[in-house]
Amino acid sequence: MSTLARARCTLGAHPSALDTALAAGVLVCMVAGSFADPHGPEGVTWSLRTPAVLSLVLMAVGAAALAFRRRAPLVVLGVTGSVSVVESITGDPRAPVVMSAVIALYTVAASTDRPTTWRVGLLTMTVLTGAAMLFGPLPWYAQENLAVFAWTGIGASAGDAVRSRRAFVQAIRDRAEKAERTREEEARRRVAEERLRIARDLHDVVAHHIALVNVQAGVASHVMDKRPDQAKEALAHVRAASRSALDELRATVGLLRQSGDPEAPTEPAPGLDRLDELVGTFHHAGLPVEVARADQGTELPAAVDLAAYRIIQEALTNVRKHAGRQAKAEVSVVRVGPNIEVTVLDDGTGDGARDGAAPDGGGHGLLGMRERVTAVRGTLTTGPRYGGGFRVHAILPVRSRTEAAEDPV
């Protein structure tokens with residue numbers, strides 16, 4: 001770092017020292033300028049004339065006031081303006097005391113808003129120039145009087161320009177900080193959504209298969225001694241359900257590990273093409289399920305296909321867990337216009353814990369359904385049926401919003 005840069009950083013860290021140094025420099029300039037004779041025979045000349053004592057006092061007061069220009073800019077402008085008016089009226093020849101007022105006006109313009117700059121600047125220019133023209137020893141049209149008007153205008157304009165530049169730079173910094181915060185918030189939102197999606201997939205995979213394993217294990221334990229053949233069949237279903245759960249868990253974990261692979265699948269779970277297989281697992285678990293489909297030839301987006309499958313899976317799992325041993329279920333998948341409607345009904349009379357949480361508060365079934373439907377911009381309605389049982393009804397769009405917009409009319 002250069003010596004000049006180090007000095008600038010030091011002064012910037014100590015504004016009071018910078019203002020004191022500025023006040024001393026202005027005082028030196030005003031005292032030196034008081035020796036100049038602007039009306040010499042050959043123009044401006046330097047002579048060894050001694051300034052009046054009053055002029056020296058006024059210069060010292062004006063310079064000393066500049067040391068406090070950051071703390072009270074309007075007060076400093078009032079002090080420097082007053083000593084400048086006194087010097088303009090009494091000084092002959094005049095000393096450049098107005099220099100302190102110009103710097104004070106610059107400070108006011110740089111530290112306040114534009115309306116204040118206009119009002120204070122016009123007032124300062126009018127008072128200083130009017131006092132010099134009307135009450136000073138020189139003719140009103142003298143060059144020194146016009147110089148007062150010009151220099152005060154320059155001070156106000158320079159201060160306003162500096163303030164505008166600072167505001168512009170600060171606005172750029174604010175926008176950059178806001179953009180950075182927005183990027184961080186977006187990243188956190190995406191992470192939260194991904195965690196929610198993973199949790200939803202794991203819940204759907206584990207809850208369904210573990211529920212079936214629990215039922216079949218209970219059957220095997222109950223008939224092990226009296227009907228060993230039926231117990232072996234139940235254990236075979238336990239093994240099949242466990243294998244299926246492991247396969248889907250392996251697919252989910254594999255998807256996470258291959259997130260950077262462009263050839264990796266975007267969804268680990270099956271769709272409605274495996275509905276019969278899903279229903280078969282519930283048949284083996286002792287839940288009669290009737291299926292009615294009117295969606296032949298409908299090609300669903302992967303996300304919608306997955307959502308439909310998981311809704312049916314979770315709804316039937318809830319029927320098996322909560323509707324009672326004698327419950328029956330009905331599943332319908334129907335294409336209605338631009339949507340596909342999935343309905344799961346049961347006639348159970350169980351404990352009715354279908355609000356998305358188990359009695360101990362540990363489940364998230366219906367909540368997961370609702371999140372899946374919302375993710376594909378569909379609608380979900382759930383609730384008890386008149387006369388007993390429960391109903392789950394989902395309306396899912398067959399095409400995404402982007403595909404619908406690109407479809408020619």
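These legends walk through several views of one protein chain in a predicted model.

**View 1. The whole chain, with its 12 helices and 7 strands.** Here's the full predicted model. Of the 409 residues in the protein chain, 38% are buried. About 23,800 Å² of the chain is exposed, and carbon and sulfur atoms supply 60% of that area. Among contacts with a separation of 6 or more, 65% join residues that sit 24 or more positions apart.

**View 2. How confident the prediction is, and where to take care.** The mean pLDDT of the chain is 77, with 70% of residues reaching 70 or more. Two stretches call for a bit of caution: pLDDT stays under 50 over residues 262-268, and again over residues 355-363. The model has 11 contacts beyond four places in sequence for residues 262-268, and 10 such contacts for residues 355-363. Where pLDDT is low, the predicted coordinates shouldn't be read in detail.

**View 3. The spans that UniProt labels "transmembrane region".** An unreviewed UniProt entry puts this feature at residues 46-68 and 120-142. Take a look at residues 120-142: the span is 70% helix and 0% strand, and its end C-alpha atoms lie 25 Å apart.

**View 4. Inside the largest nonpolar core, a group of 35 residues.** The residues with the most contacts inside this core are Val289, Ile312, Leu316, Ile340, Val392 and Leu396. Both helices and strands chip in: helix 9 (275-284), helix 10 (302-322), strand 4 (329-336), strand 5 (339-346), helix 11 (365-375) and strand 7 (390-397) each give two or more residues. Helix 10 supplies the largest share, 9 residues. Zoom in on Ile312 and, beyond its neighbours within four places in sequence, you'll find it in contact with Leu272, Leu275, Leu278, Val331, Val333, Val342 and Val344. Apart from this core lies another one of 20 residues, among them Leu58, Leu66, Leu77 and Val83.

**View 5. Asp19 and Arg69, a salt bridge between two buried residues.** The structure holds 7 salt bridges, and in this one the N to O distance is 3.1 Å. Asp19 belongs to helix 2 (residues 15-33), while Arg69 is in the loop between helix 3 (53-66) and helix 4 (73-90), so the pair ties together parts that are 50 residues apart in sequence. Asp19 has a relative accessible area of 2%, and Arg69 has 11%; both values fall under 20%, which is why both residues count as buried. There's a third partner here too: Arg70 joins Asp19 and Arg69 in a network of salt bridges.

**View 6. Arg114 and Asp160, a salt bridge between two helices.** The closest N and O atoms of this pair are 2.9 Å apart. Asp160 sits in helix 7 (residues 143-223) and Arg114 in helix 6 (residues 114-135), so the bridge ties together parts that are 46 residues apart in sequence. Asp160 is buried, at 15% relative accessibility, whereas Arg114 is partly exposed, at 40%.

**View 7. Arg293 and Asp295, another salt bridge.** This time the closest N and O atoms are 2.8 Å apart. Arg293 is partly exposed, with a relative accessible area of 32%. Its partner Asp295 is buried, with a relative accessible area of 7%.

How values were computed:
Residues are numbered from 1 along each chain as its sequence is written. This is a predicted model: local features need pLDDT of at least 70, side-chain atom pairs count only at pLDDT 80 or more; totals for chains, interfaces and linings use all residues. Side-chain values use heavy atoms; hydrogens and water are left out. pLDDT is the predictor's confidence in each residue, from 0 to 100. Contact means heavy atoms within 4.5 Å. UniProt positions are given in the numbering used here, feature names are shortened, and annotations may be inferred rather than shown by experiment. Helices (H or I, at least four residues) and strands (E, at least two) are DSSP runs, numbered from the N terminus. A nonpolar core is a set of buried Ala, Val, Leu, Ile, Met, Phe, Trp, Tyr and Cys residues joined through side-chain atoms within 4.5 Å. Buried means under 20% relative accessible area, exposed over 50%, partly exposed in between (1.4 Å probe, protein chains only). Accessible areas come from the Shrake-Rupley method with a 1.4 Å probe; for residues, only the protein chains shown count as cover. A salt bridge is a side-chain nitrogen of Lys or Arg within 4 Å of a carboxyl oxygen of Asp or Glu.
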